[in-house]
Amino acid sequence: MLRSVLLSLSRSEQVRRIATDAPPARALVDRFVAGETTADAVRATEELVASGRLVTIDRLGEDTLERAHAEATRDAYLALLDALDDAGLAGSAEVSLKLSALGRALPGDGEGIALDLARSICERADAAGTSVTVDMEDHTTTDSTLSVVRELRADFPWVGAVLQAYLRRTESDCRDLAGPGSRVRLCKGAYREPESVAYQERSAVDRAYVRCLKILMQGQGYPMLATHDPRLVDIGEALAIRGDRPQSSYEFQMLYGVRPEEQLRLASEGHRMRVYVPFGDEWYGYLVRRLAERPANLTLLARSLTSKG
Ligand code: FDA
């Protein structure tokens, strides 16, 4: 219930302004967001890579409603990829992008515009020797996102897809996407979705995650296990051993600022451990989804919204 209220706030302009203006909110933002500039993202990446972790960087932004804004997002990704290349980090850091930030919701051929912009980002990533993963957003966009991923993969077979275990359709999508070389990030799912399309109970989502994970780990692709849930991490490790999967054939992924000790543990055991690093000034929707994931974070939110200091 609380989670649902919070997620509905993720689109509230008024609450966004209050949160942005309250200085204590800054500390909360800093825990989950690496900074506002490309240099901040590169600096955070350097630190993570130095500690044995891999990185995927997300330039924050969604709900883009102007073409110029979508093009600016593309340009920011191109600059980021150049900066990673210059810093010698392209072998350890890829990028994650949201099609809504690239203009998918623009009137007319929004999906085509987002595809074209994503394609230029893939070209630059290819030249730098790294990869791109396309984030998954709310369920009304799942078909569109998977169709864009299919198009991109025709030229760039390494493009990663994201599947959300809470959606009832996802086991079937896992079967479709478990082919050779297919990079698939499996997460639980972070949006408020209706019962008709998504499991609502946490235990049902967890069980669905395990079913999906089995399909991906038994397939021929490259599963990316995006979860902080200790039980699911254990199950992932057990499935890899049971399926004789070398550690290089799958990876764990976690969010910047969440369970850093566990990230280091997995990396020190030889696992490929990738951290999702968001940066940019459009952090509001992302932050609210992170807060909604954990009741303890709500106290931090309440303090930051009510404090004047
Ligand atoms: P769960 O929420 O049950 O958390 C398990 C435990 O992890 C908690 O008990 C707590 O200890 C810790 N934890 C989890 N979240 C925390 C938080 N915010 N703060 C502090 N502790 C926390 N979603 C989506 O819809 N589309 C996408 O494209 C992506 N992409 C993505 C990439 C990567 C790399 C990750 C890790 C996650 C995503 N997600 C996502 C988000 C995902 O769907 C999900 O909302 C979160 O990962 C939380 O789910 P967990 O599997 O961690 O389990």
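A residue counts as near a molecule when one of its heavy atoms lies within 4 Å of it. With that in hand, here are the close-up views of this predicted model.

**Figure 1. The ligand and the residues around it.** In this view, 26 residues surround the ligand. Lys 188, Gly 189, Thr 227, His 228 and Glu 293 are the closest of them. Three side chains are worth picking out for their polar atoms. Gln 164 has a side-chain N or O atom 2.9 Å from an oxygen atom of the ligand. For Arg 202, the distance from a polar side-chain atom to a ligand oxygen is 3.2 Å. Arg 185 instead places a polar side-chain atom 3.4 Å from a nitrogen atom of the ligand. How much of the ligand's area does the protein bury? The ligand taken alone exposes 930 Å², and the protein buries 88% of that.

**Figure 2. The largest nonpolar core, with a second core apart from it.** In soluble globular proteins, nonpolar side chains tend to be buried together. Here the largest nonpolar core has 70 residues. Leu 80, Leu 97, Ile 121, Val 132, Leu 152, Val 159 and Leu 186 touch the most other members. Which helix gives the most to this core? Helix α6, spanning residues 110-128, does, with 8 residues. A second core of 14 residues is separate from the largest one, and Val 33, Tyr 276, Tyr 284 and Leu 291 are among its members.

**Figure 3. A closer look at Leu 97.** Leu 97 is one of the residues that touch the most other members of the largest core. What does Leu 97 contact beyond its neighbours within four places in sequence? The partners are Tyr 77, Leu 102, Ile 121, Val 132, Thr 133, Val 134 and Asp 135. Two of these partners, Ile 121 and Val 132, also appear in the list of members with the most core contacts.

**Figure 4. Ile 113 and Glu 151, each with partners from elsewhere in the chain.** Ile 113 sits in helix α6. With a relative accessible area of 14%, Ile 113 is buried, because buried means under 20%. Neighbours within four places aside, Ile 113 contacts Arg 67, Leu 102 and Leu 106. Ala 70 is 43 residues away along the chain, yet its C-alpha atom is 8.7 Å from that of Ile 113. Glu 151 belongs to helix α7, residues 142-155. Its relative accessibility is 41%, so Glu 151 counts as partly exposed. Outside its neighbours within four places in sequence, Glu 151 is in contact with Leu 115 and Arg 119. The C-alpha atoms of Glu 151 and Arg 119 are 9.2 Å apart, with their positions 32 residues apart along the chain.

**Figure 5. Arg 274, a buried arginine in a strand.** Arg 274 is part of strand β8, which covers residues 273-279. Is this arginine buried or exposed? Arg 274 is buried, with a relative accessible area of 7%. Residues up to four places away in sequence are not counted in the list of those it touches. That list begins with Leu 54, Val 55 and Thr 56, and includes Ser 92, Ala 93 and Glu 94. Glu 251, Phe 252, Gln 253 and Met 254 are touched by Arg 274 as well.

**Figure 6. Two aspartates with positive phi.** Asp 63 is not a glycine, although its phi is positive at about 55°. Asp 63 lies in the loop between β1 (54-59) and α5 (67-86). At 40% relative accessibility, this aspartate is partly exposed. Asp 244 also has a positive phi, near 55°. Its place is the loop between α10 (230-242) and β7 (251-255). Which class of exposure does Asp 244 fall into? Asp 244 is exposed, with a relative accessible area of 69%.

**Figure 7. The chain as a setting for the close-ups.** The chain holds 13 helices and 8 strands. Of its 309 residues, 55% are buried. Among contacts between residues at least 6 apart in sequence, 74% join residues at least 24 apart. About 13,600 Å² of the chain is exposed, and carbon and sulfur atoms supply 51% of that area. The mean pLDDT is 92, with 89% of residues at 70 or more. Where are the lowest and highest mean values among the elements? Helix α2 (residues 13-21) has the lowest, 61, and strand β5 (residues 183-187) has the highest, 99.

Notes
Residues are numbered from 1 along each chain as its sequence is written. This is a predicted model: local features need pLDDT of at least 70, side-chain atom pairs count only at pLDDT 80 or more; totals for chains, interfaces and linings use all residues. Side-chain values use heavy atoms; hydrogens and water are left out. A nonpolar core is a set of buried Ala, Val, Leu, Ile, Met, Phe, Trp, Tyr and Cys residues joined through side-chain atoms within 4.5 Å. Buried means under 20% relative accessible area, exposed over 50%, partly exposed in between (1.4 Å probe, protein chains only). Helices (H or I, at least four residues) and strands (E, at least two) are DSSP runs, numbered from the N terminus. Contact means heavy atoms within 4.5 Å. A polar contact is a pair of N or O atoms within 3.5 Å; within protein, one must be able to donate a hydrogen and the other to accept it, and residues adjacent in sequence count only if both atoms are side-chain atoms. Accessible areas come from the Shrake-Rupley method with a 1.4 Å probe; for residues, only the protein chains shown count as cover. pLDDT is the predictor's confidence in each residue, from 0 to 100.
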